[in-house]
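Hi,

Here is the structure I said I'd pass along. Have a look at it first, and my notes follow underneath.

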Amino acid sequence: MLSQRIEEAINEQIMWELYSAYLYLSMSTWYESIGLRGFASWERVQFQEEQAHALKFLDYIIARGGRVILRQVDAPQAEWESPRKGFEHQLEHERLVTSKINDLVDLAIEEKDHATYNMLQWFVDEQVEEEENATAILDKLRMIEEGGGSGMLYMLDKELQARVYTPPAAEKSA
Ligand code: FEO
């Protein structure tokens, strides 16, 4: 059984994952509006990933006999100055999510909840990937901006178009 503190903290994290999904869906529609279909498609995959993260936490609460209480999800930002600003925002947001996951790990240790601690390790690894992905694209966008090449932006848009959603189902379920 989950302690009250852990149950509440995971319910709060479900909100953060859904907010992340909402934020990336908003970015996707913004990229669509400025003609960057590959960026839009990449963010749509990100939206799906975040929904899967929320469900992973939700299913974990249920598996441990807890109660899921969904919280209000704020409206996300609707537009950005440039793709580079979009990815700066994304990286900053993922760093915030990483800090939330780290807080959850600290709480699991404090509460001596080994099962929750184990479940969270998947998210610890996932956050490394999330920050790495955003950083890699941001680095390219910085290079493009410095080189002043819209042709390069076109190439990056094509590259991002190739991303496909892979559900985390095959991995050890939480
Ligand atoms: Fe669910 Fe992007 O962290």
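Let me start with a glutamine. Setting aside neighbours within four places in sequence, Q13 is in contact with F57, V97, K100, I101 and L104. Q13 sits in helix 1, and with a relative accessibility of 2% it counts as buried, because the cut-off for that is under 20%. Keep in mind throughout that this is a predicted model.

Two of those partners turn up again in a nonpolar core. F57 and I101 both belong to a core of 20 residues, which also includes A108 and M119. That core is the second one, separate from the largest.

The largest nonpolar core has 22 residues, and the ones with the most contacts inside it are Y31, F39 and F87. Five helices each give two or more residues to this core: helix 1 (4-33), helix 2 (37-63), helix 3 (83-110), helix 4 (114-147) and helix 5 (150-161). Helix 1 supplies the largest share, eight residues. As background, nonpolar side chains tend to be buried together in soluble globular proteins.

What does Y31 touch, if you skip residues up to four places away in sequence? The list is L36, F39, A40, E43, P83, G86 and F87. So F39 and F87 are on it, and those two are also named with Y31 among the residues with the most contacts in the largest core.

Now the helix packing. Helix 1 packs against helix 3 at an angle of about 170°, and their axes are 11 Å apart. Anything over 145 degrees counts as roughly antiparallel, so that is the label for helix 1 and helix 3. The residues in their contact split into 18 nonpolar, six polar and five charged.

Helix 3 also packs with helix 4, this time at about 165° with the axes 9 Å apart. This pair is therefore roughly antiparallel too, and helix 3 passes helix 4 in a left-handed crossing. Their contact has 17 nonpolar, five polar and eight charged residues.

One last spot to check is the loop between helix 3 and helix 4, where you'll find K112. Its phi is near 55°, a positive value in a residue other than glycine. Is K112 buried or exposed? The relative accessible area of K112 is 67%, so it is exposed, the cut-off being over 50%.

Cheers

Technical notes:
Residues numbered from 1 in each chain as written. Predicted model: local features only at pLDDT ≥ 70, side-chain atom pairs only at ≥ 80, totals over all residues. Heavy atoms only, no water. Core = buried A, V, L, I, M, F, W, Y, C linked by side-chain atoms within 4.5 Å. Buried < 20%, exposed > 50% of the residue type's maximum accessible area, 1.4 Å probe, protein only. Helix = DSSP H or I, 4+ residues; strand = E, 2+ residues; numbered from the N terminus. Contact = heavy atoms within 4.5 Å. Axes fitted to C-alpha atoms, helices over the stretch in contact; angles between N-to-C directions. Parallel < 35°, antiparallel > 145°, perpendicular 65-115°, else oblique. Nonpolar A, V, L, I, M, F, W, Y, C, P; charged D, E, K, R; others polar. Left-handed = near helix turned anticlockwise from the far one by under 90°.
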